[in-house]
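Please walk through this protein one region at a time, with the sequence and the 3D view side by side.

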Amino acid sequence: MKLGSLKEGGRDGTLVVVSRDLTKAVRATGIAPTLQRALEDWSNTAPRLNALAESLDAGDADGVFDLDMQALAAPLPRAYEFVDGSAYLPHVARVRKARGAEVPESFYVDPLMYQGVSAGFYGPRDAVKVVSEDYGIDLEAEIVIVTDDVPMAVTPEQAASHIQLIGLVNDVSLRNLIPNELAKGFGFLQSKPRSALSPVFVTPDELGAAWRDNKLHLPLVTHINGTWFGAPEAGVDMQFDFAQLVAHAAKTRPLSAGTIVGSGTVANEDTSLGASCFAEQRTVETLRDGKPSTPFMAFGDLVRIEVLDAAGNSVFGAIEQRIERQDIA
């Protein structure tokens, strides 16, 4: 099934079940008012939501309406936790090389991960607000999963059963603020603002054979201002799968239902498949030409991030958003 949230009903939105073709929806408030509430009682709500989804796709659900992407908030407008990994070795190697750093040996056995902004996510059509272009505005196209309640110290094998939903994120980065922050040795803060989530999250069974080994095996397609930017294969070159990332995050703490875990920027060794962020594209150019030629994003630029299935249908809907100046009072 596919689940989304309308921009109504308060900060956590209103839960809707969305048709497989992303054209119709029905409110699910008789089951749970919000996606967060559904996840907190997932064993009871999931079967009922699935039955509503089947009714919707069969054409016999009550209260069906045409889906307007502009009316959608993020599926989880806010979450208790957003932990973002960096599971793609090609991305880690290239971006670190760009700032003169090596890939740590520990990365091959222990994932990189940081805690991101979870108090609010942009909806799939909301503008990304930034104060200045001088910050080095970048996108990061990623896959995310959402968990139910995860006990502390789960193994990866146990963690796999706690992955309940899959979606996309544009993990916005302000590249020119990152070096000074990391130099302090205390992680990201100002350089990692709010991110945007895909129109819907989907259950693993919705993906069929494309979800296996706790990875999504489809290309992640990014366009900038209507021009193809990249389509790396999400199931290739992923050093750690999502079960391993969940287990890593839960090593010393339980994870609350509704925790979002990111894959990190999707990247392949094969650079002909393009990139999922400008930092990586600029690194490829530097290695090839001695200097980068592609600037970071500017106000007015349009980002589109999407996954298409084997038949060319959008799986999660597209994140499509402009970069806009944040006015300061």
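**A pocket, some rings and a hairpin**

By class, the residues that line the second largest pocket are five nonpolar, two polar and five charged. The model is a predicted one. The volume of this second largest pocket is about 180 Å³. Its lining includes the charged residues Lys-2, Arg-20, Asp-21, Glu-206 and Asp-309. The polar residues in the lining are Asn-313 and Ser-314. Leu-207, Ala-210, Leu-218, Ala-310 and Val-315 are the nonpolar residues of the lining. How is such a space found? Rolling a probe the size of a water molecule over the atoms shows where empty space is left.

Next come the aromatic rings. The structure contains six aromatic pairs. One of them joins Phe-107 and Tyr-108, whose ring centres are 5.9 Å apart and whose planes meet at 75°, an edge-to-face arrangement. Are these two residues buried or exposed, or something in between? Phe-107 has 0% relative accessibility, so it counts as buried. Tyr-108 has 38% relative accessibility and therefore counts as partly exposed, because the partly exposed class runs between 20% and 50%.

A further edge-to-face pair is made by Tyr-114 and Phe-188, with 5.0 Å from centre to centre and 70° between the planes. Which parts of the chain does this pair link? Tyr-114 belongs to strand S7 (residues 113-115), while Phe-188 lies in the loop between helix H5 (178-183) and strand S13 (196-197). The two residues are 74 residues apart, so the pair links distant parts of the chain. Tyr-114 is buried because its relative accessible area is 16%, which is under the 20% limit. Phe-188 has 30% relative accessibility and so counts as partly exposed.

Ring pairs also link Phe-240 with Phe-107 and Tyr-108 into a cluster.

Rings can also have a charge placed over them in this model, as two arginines show. The charged end of Arg-27 sits over the ring of Phe-65, 4.9 Å from the ring centre. For Arg-282, the charged end sits over the ring of Phe-296, at 4.3 Å from the centre.

The last stop is a pair of strands. Strand S17 (residues 220-224) and strand S18 (residues 227-230) run antiparallel and pair over three bridges. In this pairing, Thr-222 of S17 stands opposite Gly-230 in S18. The hairpin of S17 and S18 has two residues between the strands. Which residue in this hairpin takes a positive phi? Asn-225 does, with a phi near 55°.

Note on methods:
Residues are numbered from 1 along each chain as its sequence is written. This is a predicted model: local features need pLDDT of at least 70, side-chain atom pairs count only at pLDDT 80 or more; totals for chains, interfaces and linings use all residues. Side-chain values use heavy atoms; hydrogens and water are left out. On a 1 Å grid over the protein atoms alone, a cavity is a set of points where a 1.4 Å probe fits but cannot get out, and a pocket is an open set with protein on both sides within 12 Å along at least five of seven lines; lining residues have an atom within 4 Å of a point. Grid points are joined across faces, edges and corners, and a volume is the space filled by probe spheres set on the points. Rings of Phe, Tyr and Trp (its six-membered ring) pair if their centres lie within 6.5 Å; planes under 30 degrees apart count as stacked, over 60 as edge-to-face and the rest as tilted. Buried means under 20% relative accessible area, exposed over 50%, partly exposed in between (1.4 Å probe, protein chains only). Helices (H or I, at least four residues) and strands (E, at least two) are DSSP runs, numbered from the N terminus. A charge sits over a ring if NZ of Lys or CZ of Arg is within 6 Å of the ring centre and within 35 degrees of the ring normal. Two strands pair if DSSP finds at least two bridges between them.
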